[in-house]
Amino acid sequence: MTYNNPIIPGFNPDPSICRVENDYYLVTSTFQYFPGVPIYHSQDLVNWEHIGNVLDRPELVPGLDKTLINGGIWAPTLRYHDGVFYMVTTMVFVDKAYNDFQRWKNFFVTATSPKGPWSDPIFFDYPGYDTSLFIFDKDHAYVQGSFYHRIRKEISQSKIDLRTGHVTEPRRIWSGTGEKAPEAPHVLYKDGWYYLVIAEGGTEAGHRVAMARAKSIDAPEDEWEACPVNPILSHHDLPDELVQCTGHADFFQDTVGNWWIVFLASRVYDGERFPIGRETFLAPVDWSGEWPFVQRPIKAFAPKEYHGPNIAAALGTSKNLCKFGSRVHGWGIEWLWLRIPDMQKYQLTDLTDIDGVYHGCKISGSTANLASEMQSSSLVGIRQCHIRCRVTVDLELDTNADYAALVAYLDPLHHASVGVADNHILFSGERIPLPKESWIKLAIKADERNYNFMYSFGGSQDWHNIGTVDTRELSTGFTGVIFGIHVQGIGKSAHFKNFMYEIL
């Protein structure tokens, strides 16, 4: 089978997958962004569709508006049992002390359809993160989690009542192979054995997949047998490969019995540039013996025209033109906001009667700006999914906004933008007077090394470069670059239209 890799490009880390008959469903982490936890669907492992977001109502993510950089929703696990989908995850408050168990808020939601609606959250006590379920029946399961490694390195397990969230006292079942940060535990059953899959080494270059097994899921720690050839997967010893940071895996079987692994990895250029962040990759698994074997190295390969499900969902009827939403569904499921947005600040405009989609929006600002670490600035964006691409948008110049811009945004400390304020085009320290035009086109052109920020006027395709940012400056943390539009100024607004995403 020929498939694309990454299968889910762009900021899509910590994948978890389950198969229901002929359908595959996959979820990934979203951290501080809303809506949370995108869910993707495929029937062939090649073509993936973004069909919804699990945490699509503010009441499903209580506390998200209080999270800081790299906090928020971590590491969802998706499971299915007897007609019900279960998604379990952790809300993380990184400002709290390592030994403060209020740092972690673990919960799960359920649905009978992966498109939702999903239930209100059921919270349960666990002193850590990366929780997952191994389900025995509709009421009872085992929950595995990662005790915070800065306190002690430990994968723990409890019994959980799926009706109430009540859990037993967690007990350690494995501590990994000795590498730092044992985390991301998933349990699967095969041929009379319970296999425990974990990540180790941190989510940077040392990331890896390790495994242990036992005859009983209730086995004490000393009965969990480590795989003799751990790690199952890692590129820590292959520094020249483009694909790096391989880890946080989930195993599954396809419809004909073949085994596969999904995992996160980053495409790292020049050993230090990875602005797209951590993406979801796929690899075949040879499990003809007692332990799984994954052929290395893992390669990235996809045809140029492969958009991936997030960009594909945004594309309108015209080539490269993205829709902001539709008459029927409102804002598209592929768009992301920081924390909990005030949706009254995001008005869809420029409805196309032919297809019922909106190609414009009017955004109102607030006191928050792009550097605000706690407040939610007026920003909406879409994932960067290709290292060579260009995004453009039209901005109406008859605006009262303090600042209206096109942004390459990673987090409050790492972002760059080109925009308009006070009758000037602004980029960093550059200020260029605006001519007497109705609209301006803003653009960001990306490649392996740079983001180039540009503008043009009217219908002209004569682009002017106003500045460049090294992609190294937007290569850090747990997320990836979002191409977004932003407005600053309380009571102020700006009108954008014709957002385009072009693969170069």
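Modeller: A definition first: strands are DSSP runs of E with at least two residues, helices are runs of H or I with at least four, and both are numbered from the N terminus. The model is predicted.

Colleague: Between which strands is the place of T476?
Modeller: T476 sits in a loop. The strands on either side are β35 (464-470) and β36 (482-488).

Colleague: Is T476 buried, partly exposed or exposed?
Modeller: Its relative accessibility is 32%. Buried needs under 20% and exposed needs over 50%. T476 falls in between, so the class is partly exposed.

Colleague: What separates the C-alpha atoms of T476 and F123?
Modeller: Along the chain, T476 and F123 are 353 residues apart. In space, their C-alpha atoms are separated by 31 Å.

Colleague: β36 also pairs. Over how many bridges does it pair with β27?
Modeller: The two strands run in the antiparallel sense. One bridge sets S378 against V487 in β36. The count of bridges between β27 and β36 is six.

Colleague: Which residue of β27 is the bridge partner of W337?
Modeller: β24 (residues 336-338) is joined to β27 by two bridges, again antiparallel. W337 has its partner in β27. That partner is V380.

Colleague: How many residues of β27 are buried?
Modeller: β27 spans residues 378-383. The strand is mostly covered. The buried count, out of six residues, is six.

Colleague: Turn to β6. Why is β6 described as largely enclosed by the rest of the structure?
Modeller: β6 covers residues 72-81, 10 in number. A residue is buried when its relative accessible area is under 20%. β6 is largely enclosed because the number of its residues that are buried is eight.

Colleague: Which residue of β7 stands opposite G72?
Modeller: β6 and β7 (residues 84-92) run antiparallel, joined by eight bridges. G72 belongs to this pairing, and its opposite number in β7 is V92.

Colleague: Which residue in the hairpin of β6 and β7 takes a positive phi?
Modeller: The hairpin has two residues between its strands. One takes a phi near 50°. That residue is D82.

Colleague: What is the phi of N70?
Modeller: N70 lies in the loop between β5 (49-55) and β6. N70 is a residue other than glycine, yet its phi is positive. The value is near 70°.

Colleague: And D270: buried, partly exposed or exposed?
Modeller: D270 is in the loop between β20 (259-267) and β21. Its phi is positive, about 55°, although it is not a glycine. With a relative accessible area of 45%, D270 is partly exposed.

Colleague: Which residues line the largest cavity?
Modeller: The structure holds one cavity of 30 Å³ or more. N70, with its positive phi, is in the lining. The full lining is F31, Q32, Y33, I69, N70, L338, R339, Y409, L410, D411, P412 and T479.

Colleague: How much space lies in the largest cavity?
Modeller: Its lining divides into seven nonpolar, three polar and two charged residues. The space inside is about 100 Å³.

Colleague: Which strand gives the most to that lining?
Modeller: The top contribution is three residues. They come from a strand spanning residues 403-411. That strand is β29.

Colleague: Which strand gives the most to the largest nonpolar core?
Modeller: Nonpolar side chains tend to be buried together in soluble globular proteins. The largest core here has 50 residues, and those with the most contacts inside it are F453, F483, I485, F496 and F499. Five of the core residues come from one strand, residues 493-503. That strand is β37.

Colleague: Is M454 buried or exposed?
Modeller: M454 lies in β34 (residues 450-457). The C-alpha atoms of M454 and K441 are separated by 8.3 Å, at 13 residues apart along the chain. The relative accessibility of M454 is 10%, under the 20% limit, so M454 is buried.

Colleague: How many disulfides does the count give?
Modeller: A disulfide needs two cysteine sulfur atoms within 2.5 Å. C18 is buried at 7% relative accessible area, and C227 is buried at 5%. The disulfide count comes to zero.

Colleague: What is omega for the cis peptide bond of R296 and P297?
Modeller: A cis bond also joins N5 and P6, with omega about 5°, and P6 is in the segment before β1 (16-20). P297 is in the loop between β21 (278-285) and α1 (309-314). For R296 and P297, omega is about -5°.

Key
Residues numbered from 1 in each chain as written. Predicted model: local features only at pLDDT ≥ 70, side-chain atom pairs only at ≥ 80, totals over all residues. Heavy atoms only, no water. Buried < 20%, exposed > 50% of the residue type's maximum accessible area, 1.4 Å probe, protein only. Pairing = 2+ DSSP bridges. 1 Å grid on protein atoms, 1.4 Å probe; cavity = no way out; pocket = protein on both sides within 12 Å on 5 of 7 lines; lining within 4 Å. Points joined across faces, edges and corners; volume = space filled by probe spheres on them. Nonpolar A, V, L, I, M, F, W, Y, C, P; charged D, E, K, R; others polar. Core = buried A, V, L, I, M, F, W, Y, C linked by side-chain atoms within 4.5 Å.
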